[in-house]
Each structure stands twice: as structure tokens, then as C-alpha cells.
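Biologist: I should like a close look at one part of this protein, with attention to its charged side chains. Please treat the matter in one connected account.

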Amino acid sequence: MLKAGNYHTLKINRTTANGQYLIDEDGEEVLLPNRYVDENSVEGDEVEVFVYKDSEDRIIATTEKPYAIAGEAAYLEVVDKTLNGAFLDWGLLKDLFLPVRNMPYRMDVGEKYIVFIYTDNVNGRVVASARISSFLSNSEITVNPGDEVNILVAQKNDLGFRVIINNKHWGMLYHNQIFSPVSIGDKLTAFVRRVTEDNRIDVSLQLQGYKEVKRSVDTLMEIIEKNSGVLNVSDDSTPEDIHAATGMSKKVFKRTAGVLLKAGKIKIEKGRIIKTD
């Protein structure tokens, strides 16, 4: 069944003056307008498309890729406003509508906001909402400590950043777990540090413990090898220089270099690391 707001892989069923009609396994058709048609495609070919409803409420397909799909949070810019709501740039020819009922605060043209995209159950349209908490829940946690997760940085406070985890949960990224600039709207890979008894989730941008060391060892060796066996930072370098060269905090870098040194894979001189033969 074709559902607006999602990607579908469909077969080309027939070609008309307006474009190609694509068909799913249930026999439901959707038009792919001429502007998106590959001139070398033929009937029977499969095409991956995004499906949504056009301005006349007709279901339609596109090969363009929106910044986010139904069921995902995104950081989008308001490009127009009316009495009925706002319109957001989400990467498609047709802007994404955010009904006024889904605006808990003033939203201005030219500014970007965190919103959640969903398919309206009444009319089947893909719309947005700035009432983020309506779509997230920490009552049943689906992640565990150590899990790799996707986060969207949503809000800043005195402790750090409130983040959206896997488009399902609220989480917290504390300032002491941040070793490079982070901004609202950033999409990042993170790791679950802990889940508290009251279902709060803390995340880190780096792995903890053994897993972190193993990954950073492989990463550091790869960086050294790409630099002809010499890396011009060492334990004495500043945290900023170390992060610029390796993407690691100084603490992780020192621990990683120590593992490689003990294994005889590198030697450390003043201001640089050298790969051993």
C-alpha cells in the first residue's frame, strides 16, 4: 500500500504524456511526473521514489529526496506563513505545511525550527508539528547502555543539549561529553552512556571503555598511516590540536596512543608520533 511520507521501490507500469505511472505489489498506481523521469528507463524497471500528496491532494511520486520523512524529526526553515500555518523547506518542490494548531510558539519566516514530520490520519497529507514531545516517549525505552544511536540536537540548556534519540526518545548530551562544536539541528552518531531508573537517557559522542579504545586504536592507526607514518601531535599537544588532527579528546588520544605504544606499533617523540616498522 502506498503511504504518503515514505520511500517506495515501484515498477514502471505505463508511460503517458504527463509522465510514468508506477505500480506497487497491490496494483496501486502513482504518477511520476516527466521532470523526474529517466529518459533511459522502460516499463518494468524499478524506481525508488518518495511519495507524498501534491497541492491538489493527489498522491504523487518524486525522485527528489526530502531532508526527512514521516516519522522523523528535522531542523527546517520557515519559508512562508499564512493565517492557517507555516510552510517549511524540506527539500522538495512542494513545501511542507505546518498547521497553526501545531505551532506552540511564534515561528518566523527565515528562521529554522525543530519539527516532527508525520502523516495526518484524517487526510493522508504529510505535515509537520513543532509540538515535538507529542511524538516522543521515554515510558518504554528501546535502547541500552553502549548502543550506537542517531541523535538530533534539539535544545540547549545550562547542562548541555537535549537531543532526540532515534526519532523516539528524549535524551541528554552533557557539556562534559562534548569535545567539538555542537549546534541545534546537528544530526550526529552517539552512544548511550546510561539509562536511569526514571527512564532518562544520557548519551556521549564517544564510546565508553573497551569498545571506545578498540575503535579509537583503529582510527588513530589509520590516520597515522594516511600521514606517511608520522602524526605531528603527541601527549604534550593542546586538546585543540589533538582534536583537529584526530577528532579525539585529549583523554581518549592519550589512552589510545598508550595502547599502540605498549603494542610496539608506534614510538612517541616530542610533538609527534611515528609508526614503527
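Biologist: Is Arg58 buried, partly exposed or exposed, and what is its relative accessible area?

Modeller: In this predicted model, Arg58 is partly exposed, because its relative accessible area is 47%, and the partly exposed class lies between the limits of 20% and 50%. The side chain of Arg58 meets that of Glu56 in a salt bridge, with 3.6 Å from N to O. Glu56 itself is exposed, at a relative accessible area of 55%, which is over the 50% limit. The pairing belongs to a network of salt bridges that links Asp54, Glu56 and Arg58. As a general point, side chains of opposite charge can pair when their charged atoms come close.

The count of salt bridges in the model comes to 12. One of the salt bridges joins the side chains of Arg101 and Asp120, at 3.1 Å from N to O. Arg101 lies in the loop between β8 (96–99) and β9 (112–119), and Asp120 in the loop between β9 and β10 (126–129), so this pair ties together parts that are 19 residues apart in sequence. Asp120 counts as buried, because its relative accessibility is 11%. A further salt bridge is formed by the side chains of Glu269 and Arg272, at 2.9 Å from N to O. Glu269 is partly exposed, with a relative accessible area of 31%, and Arg272 is likewise partly exposed, at 33%.

Charged residues also form a negative surface patch, made up of Glu25, Asp26, Asp38, Glu39, Asp45 and Glu46. Of these, Asp38 is found in the loop between β3 (29–33) and β4 (46–53), and Asp38 counts as partly exposed at 45% relative accessibility.

Conventions:
Residues are numbered from 1 along each chain as its sequence is written. This is a predicted model: local features need pLDDT of at least 70, side-chain atom pairs count only at pLDDT 80 or more; totals for chains, interfaces and linings use all residues. Side-chain values use heavy atoms; hydrogens and water are left out. Patches are made of residues with over 30% relative accessible area and no salt bridge: like charges are joined within 9 Å, nonpolar side chains (Val, Leu, Ile, Met, Phe, Trp, Tyr) within 5 Å. Accessible areas come from the Shrake-Rupley method with a 1.4 Å probe; for residues, only the protein chains shown count as cover. A salt bridge is a side-chain nitrogen of Lys or Arg within 4 Å of a carboxyl oxygen of Asp or Glu. Lys and Arg count as positive and Asp and Glu as negative; His and the chain ends are not counted. The place of a charge is taken as NZ of Lys, CZ of Arg, CG of Asp or CD of Glu. Helices (H or I, at least four residues) and strands (E, at least two) are DSSP runs, numbered from the N terminus. Buried means under 20% relative accessible area, exposed over 50%, partly exposed in between (1.4 Å probe, protein chains only).
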